[in-house]
Amino acid sequence: MTRAPAKGADGRRRCPWALSAPEYVAYHDEEWGRPLASDDAMFERMSLEGFQSGLSWLIILRKRPAFRDAFAGFSIPEVADFGTRDVERLLADAGIVRNRAKIEATISNAAAVADLPGGLLAFVSSFAPTGRRRAPRVLDELPAKTAESTAMAKALKANGVRFVGPTTAYALMQATGMVNDHLVGCISR
């Protein structure tokens, strides 16, 4: 894979990770790096980033409609009320990633974030870096984690959130526009 922006089938230059599948192109062009507007939207992204750990993001994108159905549209209050029967239902759902630890973490995370002062979106957004950063030109210039993502992961853990370490927290920052990691020359930069 090229490490710099490259032309897609439509002739437009994008971050190179976005060119291997139509789902990636749509996600890159329509969602990745754009701010969210609600706690439930942030909870969905946080949960999906946790489910992605160890897997391809493309798997998660393709299973996203099933995840939304299975997890009540990622409604924080609804997921927080899930119980043992829901865990068993989710473990039997071939449409999602059936990992008990990740399923149970998503449910307990819903209960944990429901109690955050100001809500999840405001809490997570408070860790957005301040000041200017040099715009990345190639993928190798992107960090896997930062001081801010490490602080976010630590604060989330202190509030009872599981499966969100510094690398997952940084991926969440990228996905939700807290940092702009579209490469120089990308149509979305």
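Student: What pattern does the protein chain follow, read along the sequence?
Tutor: Along the sequence the order is β-β-α-α-α-α-α-α-α-α-α. That makes two strands and nine helices. Bear in mind that this is a predicted model.

Student: What makes the protein chain as compact as a globular protein of its length?
Tutor: Set the radius of gyration against the globule rule. For 189 residues the rule gives 16 Å, and the chain has 17 Å; the two values are close, so the chain counts as compact as a globular protein of that length. The C-alpha trace spans about 50 × 35 × 25 Å along its principal axes.

Student: Which other totals describe the protein chain?
Tutor: Of its 189 residues, 44% fall in the buried class, where buried means under 20% relative accessible area. Take the contacts with a separation of 6 or more: 65% of them come from residues 24 or more positions apart. About 9,200 Å² is exposed, with carbon and sulfur atoms supplying 52% of that area. As for charge, there are 25 positive and 21 negative ones, and their mean positions lie 8 Å apart.

Student: How do you know that the length of α2 agrees with what a helix should span?
Tutor: Helix α2 runs over residues 39–52, which is 14 residues. At 1.5 Å a residue that should span 20 Å, and the end C-alpha atoms are 20 Å apart, so the two agree.

Student: And why is α2 called largely enclosed?
Tutor: Because 10 of its 14 residues are buried, the rest of the structure largely encloses it. Those residues are Met-42, Phe-43, Glu-44, Arg-45, Met-46, Ser-47, Leu-48, Glu-49, Gly-50 and Phe-51. After α2 comes Gly-54, with a positive phi near 85°.

Student: What makes α6 fit its expected length?
Tutor: Helix α6, residues 100–114, has 15 residues, and its first and last C-alpha atoms are 21 Å apart, close to the 21 Å expected at 1.5 Å a residue. Its buried residues are Lys-102, Ile-103, Ala-105, Thr-106, Ile-107, Asn-109, Ala-110, Ala-112 and Val-113. They pack against α2, α4, α5 (84–91) and α7 (120–125).

Student: Which residues of α1 are buried, and what covers them?
Tutor: In α1, residues 22–30, the buried ones are Tyr-24, Tyr-27, His-28 and Asp-29. Their cover includes β2 (13–14), α2, α3 and α9.

Student: Why is Ile-60 counted as buried?
Tutor: Ile-60 has 1% relative accessibility, and the cut-off for buried is under 20%, so Ile-60 counts as buried. This residue sits in helix α3. Beyond four places in sequence, Ile-60 touches Leu-48, Phe-51, Gln-52, Phe-67 and Val-97. Val-97 is 37 residues away along the chain, yet the C-alpha atoms of Ile-60 and Val-97 are separated by 8.0 Å.

Student: How about Ile-76: buried or exposed?
Tutor: Buried: its relative accessible area is 7%, against a limit of under 20%. Ile-76 belongs to helix α4. Leaving out residues up to four places away, Ile-76 touches Asp-39, Asp-40, Phe-43, Ala-110, Val-113 and Ala-114. Ala-6, 70 residues away along the chain, has its C-alpha 38 Å from that of Ile-76.

Student: Why is Ser-188 called buried?
Tutor: With 18% relative accessible area, Ser-188 is buried, since the class covers anything under 20%. Ser-188 lies in the segment after α9 (166–175). Apart from neighbours within four places, its contacts are His-28, Asp-29, Arg-34 and His-182.

Student: What makes the phi of Ala-72 worth a look?
Tutor: Its phi is positive, near 50°, in a residue other than glycine. Most residues other than glycine have a negative phi. Ala-72 is in the loop between α3 (57–70) and α4 (76–80).

Student: Why is Ala-72 called partly exposed?
Tutor: Its relative accessible area is 26%. Partly exposed is the class between under 20% and over 50%, so Ala-72 is partly exposed.

Student: And what about Phe-163, in phi and in exposure?
Tutor: Phe-163 is another residue other than glycine with a positive phi, near 65°. Its place is in the loop between α8 (147–158) and α9. At 38% relative accessible area, Phe-163 is partly exposed.

Notes
Residues numbered from 1 in each chain as written. Predicted model: local features only at pLDDT ≥ 70, side-chain atom pairs only at ≥ 80, totals over all residues. Heavy atoms only, no water. Helix = DSSP H or I, 4+ residues; strand = E, 2+ residues; numbered from the N terminus. Expected span 1.5 Å × (residues − 1). Buried < 20%, exposed > 50% of the residue type's maximum accessible area, 1.4 Å probe, protein only. Rg over C-alpha atoms; globule rule 2.2 N^0.38 Å. Contact = heavy atoms within 4.5 Å. Areas by Shrake-Rupley, 256 points an atom, 1.4 Å probe, with all protein chains shown as cover. Lys, Arg positive; Asp, Glu negative; His and termini not counted. Charge placed at Lys NZ, Arg CZ, Asp CG, Glu CD.
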